[in-house]
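Grab a pencil and work through these exercises with the structure open beside you. Try each task before you read its solution.

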Amino acid sequence: GEGGAPMDFALAYSLSSLLRRRFNVVACFFAFGNRLWVRVSAQVYVTTRDVAALADAIDALRADDAVAHVARLSVTGELGFEVNVPAAHVGALADALLAAQRRLAPAVLGAASAPLPNVTHNRRAKESPNLSDDTVDDALGVLRVDDAASNAPLAVLFNFAVHSTCYGPDNMRFSSDFSGTAANLVEQRVSGEHFVALYFNADAGDVAPAHGMCDAGPAFVGSAKVADAVVKLRAATRVVPNATVAAASVVHDFGRTNLNVTFERFGNCTTGGPLDVCGICRVLGCDDNIELPSSWVTTAPKFTAVRVAAPAGGGAIATMATIPGEALTFVGLELRHDMAGAPAPPGAVFLLGYSQAHMGYFCDAREYAVGGYESQLTMWGIDTSQHVSRGVRDALNALPPLPRSPRVAAVDAA
């Protein structure tokens with residue numbers, strides 16, 4: 001260790017064993033003075049059964065002054081990003097998980113969706129002939145959760161596509177920005193002792209706050225508009241007792257990446273250059289596909305579908321699907337169209353973007369051809385969006401059939 005501080009091998013071994021046993025990941029721990037360095041080889045997915053074990057690990061960190069100050073977590077397989085996580089934040093996460101588990105109670109659910117225009121704009125409109133400033137998915141989805149016994153508000157989950165980029169690149173501090181501010185405002189405006197507002201992003205790959213929506217920070221104008229719409233839609237949403245929740249997950253293999261690196265796509269160069277290399281390469285079609293394996297980026301993500309349904313054959317209240325990255329607007333709108341066209345009405349549709357993995361951007365073929373960094377980071381070529389559509393479709397098809405009403409069942413039996 002640094003400065004003569006001994007390395008706590010016992011703590012490192014116990015935490016490594018815990019993670020391998022409880023979370024099915026391999027981790028290496030190194031303690032240097034007041035820092036704990038952690039190398040994790042896979043993502044950690046926490047279930048309610050894991051909460052107590054996680055809390056034990058956090059308590060072990062808190063009990064050791066030599067390593068309890070700062071933890072540095074490096075996650076592999078997700079574009080190699082690294083995040084500094086203060087130990088106090090990790091402890092707060094464990095405390096929140098435990099508090100939520102202790103407060104589990106029977107609930108009634110309701111869901112609705114409505115358009116929320118004039119809050120966002122398409123940030124690619126200036127460079128794409130396919131888009132205008134208002135080419136966005138403006139659907140706002142709300143899942144209302146109330147206490148079954150007292151009808152007290154417990155939670156609201158809201159789903160809306162927007163990049164939380166109000167603070168801009170000059171702010172290098174952690175912040176929940178636009179969407180977190182909206183969630184905080186919702187919690188202030190809905191009375192409930194333990195009420196929480198949970199935000200899920202959607203198909204926000206090319207969507208940002210519209211002009212003026214980042215004004216009056218930190219309580220941004222756009223955040224207030226979103227919060228007002230969530231509170232209003234929640235109040236108008238009818239809750240259903242004894243709703244059922246079904247979930248299904250599938251793994252879809254995208255295969256190795258196909259980055260299609262060309263002068264035209266990455267350098268905006270179609271003619272010129274030394275010996276007119278850009279023009280020659282445009283004619284010859286020279287490119288580098290750069291086929292990255294799963295050791296560099298997730299190539300076989302999990303897609304999850306969730307359906308909330310009314311009892312006794314009442315049909316779906318809400319249908320949710322995860323997207324493992326940043327889907328652009330056209331991709332999201334196509335997914336909504338496909339889900340709405342299913343044989344059984346899906347109820348309110350929630351697209352849960354940035355979920356289960358982050359594999360970059362997902363352009364459709366039209367926007368892929370236009371170019372731009374979203375196209376360049378669409379890493380499986382011009383057909384990438386088809387992989388996303390198949391993953392979502394397969395997850396939805398894996399859901400169990402909706403329960404039929406007793407009357408229909410009796411007719412079938414007769």
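The accessible surface of this protein chain comes to about 21,100 Å², and 57% of that belongs to carbon and sulfur atoms. Keep in mind that you're looking at a predicted model.

**Exercise 1: the whole chain**

Task: Find how many helices and strands the protein chain has, and what percentage of its residues is buried.

Solution. Start with the elements: the chain holds twelve helices and 16 strands. Next, burial: 45% of the 414 residues are buried. Finally, look at contacts between residues at least 6 apart in sequence: 74% of them join residues at least 24 apart.

**Exercise 2: a strand and its partner**

Task: Work out which residues of strand E15 sit on each side, and whether they are buried or exposed.

Solution. First, find E15 at residues 348-352. Then recall a handy rule: in a regular strand, side chains alternate between the two faces of the sheet. Now sort the residues: Ala 348, Phe 350 and Leu 352 go on one side, with Val 349 and Leu 351 on the other. Both faces turn out to be covered, and five of the five residues in E15 are buried.

Who's next door? E15 pairs with E13 in the parallel sense, over five bridges. One pair to pick out is Met 320 with its bridge partner in E15, Phe 350.

**Exercise 3: the second largest pocket**

Task: Describe the space and the lining of the second largest pocket.

Solution. Begin with the space, which is about 480 Å³. Of the 20 lining residues, Met 339, Ala 342, Pro 343, Leu 396 and Asn 397 are the closest to the pocket's centre. Strand E13 (316-322), helix H8 (329-340) and helix H11 (384-397) are the elements that each give two or more residues to the lining. H11 has the largest share, with five residues. Last, sort the lining by type: 14 nonpolar, three polar and three charged.

**Exercise 4: buried, partly exposed or exposed?**

Task: Classify Ser 385, Leu 402 and Thr 181 by their relative accessible area.

Solution. You need the cut-offs: under 20% is buried, over 50% is exposed, and in between is partly exposed.

- Ser 385, in helix H11, has a value of 10%, so this residue counts as buried. Beyond its sequence neighbours up to four places away, Ser 385 touches Val 331, Cys 363 and Asp 364.
- Leu 402 sits in the loop between H11 and helix H12 (406-413). Its value is 25%, so Leu 402 is partly exposed. Gly 314 is 88 residues away in sequence, yet the two C-alphas are 8.9 Å apart.
- Thr 181 belongs to helix H4 (residues 177-189). Its value is 14%, so Thr 181 is buried. Its contacts outside four places in sequence include Pro 218 and Phe 220.

**Exercise 5: backbone oddities**

Task: Say which peptide bond is cis, and what phi is for Ala 216 and Ala 312.

Solution. Here's the background: most residues other than glycine have a negative phi, and most peptide bonds are trans. Now check the loop between strand E10 (207-209) and helix H5 (221-236), where Pro 218 lies. The bond from Gly 217 to Pro 218 is cis, with omega near 5°. Ala 216 lies in the loop between E10 and H5 too, and its phi is near 65°, a positive value. With 56% relative accessibility, Ala 216 is exposed.

Then move to the loop between strand E12 (302-309) and E13, the place of Ala 312. Phi of Ala 312 is near 55°, again positive, and this residue is exposed at 52%.

Methods
Residues numbered from 1 in each chain as written. Predicted model: local features only at pLDDT ≥ 70, side-chain atom pairs only at ≥ 80, totals over all residues. Heavy atoms only, no water. 1 Å grid on protein atoms, 1.4 Å probe; cavity = no way out; pocket = protein on both sides within 12 Å on 5 of 7 lines; lining within 4 Å. Points joined across faces, edges and corners; volume = space filled by probe spheres on them. Helix = DSSP H or I, 4+ residues; strand = E, 2+ residues; numbered from the N terminus. Nonpolar A, V, L, I, M, F, W, Y, C, P; charged D, E, K, R; others polar. Buried < 20%, exposed > 50% of the residue type's maximum accessible area, 1.4 Å probe, protein only. Contact = heavy atoms within 4.5 Å. Areas by Shrake-Rupley, 256 points an atom, 1.4 Å probe, with all protein chains shown as cover. Pairing = 2+ DSSP bridges.
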